[in-house]
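Please open the model in a viewer and keep the selection tool at hand. The stops below are meant to be taken in order.

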Amino acid sequence: IDGVKVYVTGPPPGMKDWAIPEGSTRRFTWAGADGLHFEGFNGAMGWEQPSSYFGGGPRYPAGNLKNVQLVLATVDAAGNFSQEDPNVSYGYRYMRGAANPPALPEFAPFIINVVGGYSFQEFAKNVPLAAYDVEDPANPRRLVVMFLENNVAGGLVTGTYFPGSNAAYDNTASTGPREWLFIVDADYSETVNPEYQGDLTALDLPIMWWLTVNRRGDAVFSPEATGQDKLNIIANHINTSNDVYEITTPAADRGVAVAQEQLDMINVVPNPYWAWSANETQPTTRIIRFTHMPESGATVRIFDLAGNLVRAITDADREAQGSLGTAFAEWDARNASDVPVASGMYIVHVTIKDVGEKILKLAIINREERLLYY
């Protein structure tokens, strides 16, 4: 009937509310990029996809989220990078408003599929970073990346992923660039996957992380060497039905040293016994209780002041009274002949096998006896 109920709790689903930059400085910022209120990076990146874009919220299981590292290629302030840079990725490019005329003339070459929604445009070497699943740091796995462009006058339709400066752009406004990056839990390949061609909001994709970040001012990427700048996205690893917890506790120490410490705690209540005890439920019943007793192996002997043995309580007596295996023993204030003892002082001698002994003094003041029948 006794026990402990353990509740297993953990972090909320999604990413931690921070991301760790590596390199000379932080290249991304949440300023002007936190309007969708994600759980991470001050609202500018995370897993929790707004339902207004992806029909009902995130489709990727929160229990599968992985730590991801973004390794930035070398890019100048104008967004130029080398196609030979090993950290430039083939990416899937989508566009909002592709069915509309080019908002600016220079957008025209990059509007390939004139289709509404968030339509697929092309698969090309157009993302100046590489995304890696680093759950096993010794064996990083390169992942698929996707990004969105917005065909509006305030957009940055260049055919490559390069978010604008937070000083100039609101990256979540419908009139802004919406230069959004998506990290997909799929093995990276330089061959296009036909299943990723279509309307981004309608495709059933294993998108782990969604970034609406801006660049921090006119920050360049990895200016001294490709891969110099990195950003670590740390997932909250939540509890799932597949997790198994085993709780072990040390066995109770029943050694002699511990038993001797407990011996000092043995006591008798009430003392003095003044006509009655709170443990009594009948007018003719007397109960004197010895506390902090071992579960077994103890003998309680009660003597009068002349040294005569009045009563002995053994394991057999405790078993009969139902106290064997507990931390107490009881005496009904009767002698070995089952006669109530007289008022006075008594000496209690408790011995515990292989442990030691304890001596107590007990005073008994009997109540007046009024017999119902005589």
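The tour of this predicted model goes from a nonpolar core to a strand within it, then to a second core and a single threonine.

Start with the largest nonpolar core, which has 36 residues. Select Met-45, Val-68, Leu-70, Leu-181, Ile-183, Trp-209 and Leu-211, the members that touch the most other members. Then colour β1 (15-22), β4 (68-72), β7 (129-133), β8 (141-150), β9 (180-187), β10 (207-211) and β12 (230-235), since each supplies at least two residues of this core. A separate core of 24 residues includes Tyr-273, Ile-313, Ala-329 and Ile-364.

Return to Met-45 and show its surroundings. Beyond four places in sequence, Met-45 is in contact with Met-15, Ala-19, Phe-38, Glu-39, Gly-40, Trp-210, Leu-211, Val-213, Leu-231 and Ile-233.

Next, select β4. Which residues of β4 lie on each side? Val-68, Leu-70 and Leu-72 are on one side, Gln-69 and Val-71 on the other, and all are buried. Because five of the five residues are buried, β4 is largely enclosed by the rest of the structure.

Add the partners of β4. β7 pairs with β4 in the antiparallel sense over five bridges, and Val-71 stands opposite Ala-130 in β7. β12 also pairs with β4 in the antiparallel sense, over four bridges; here Gln-69 stands opposite Asn-232.

Finally, go to Thr-299 in strand β16 (residues 298-304). Thr-299 counts as buried because its relative accessibility is 18%, under the 20% cut-off. Outside its neighbours within four places in sequence, Thr-299 is in contact with Ile-313, Thr-314, His-349, Val-350 and Thr-351. Measure C-alpha to C-alpha from Thr-299 to Ala-312: they are 13 residues apart in sequence and 7.0 Å apart in space.

Terms used: Residues numbered from 1 in each chain as written. Predicted model: local features only at pLDDT ≥ 70, side-chain atom pairs only at ≥ 80, totals over all residues. Heavy atoms only, no water. Core = buried A, V, L, I, M, F, W, Y, C linked by side-chain atoms within 4.5 Å. Buried < 20%, exposed > 50% of the residue type's maximum accessible area, 1.4 Å probe, protein only. Contact = heavy atoms within 4.5 Å. Pairing = 2+ DSSP bridges.
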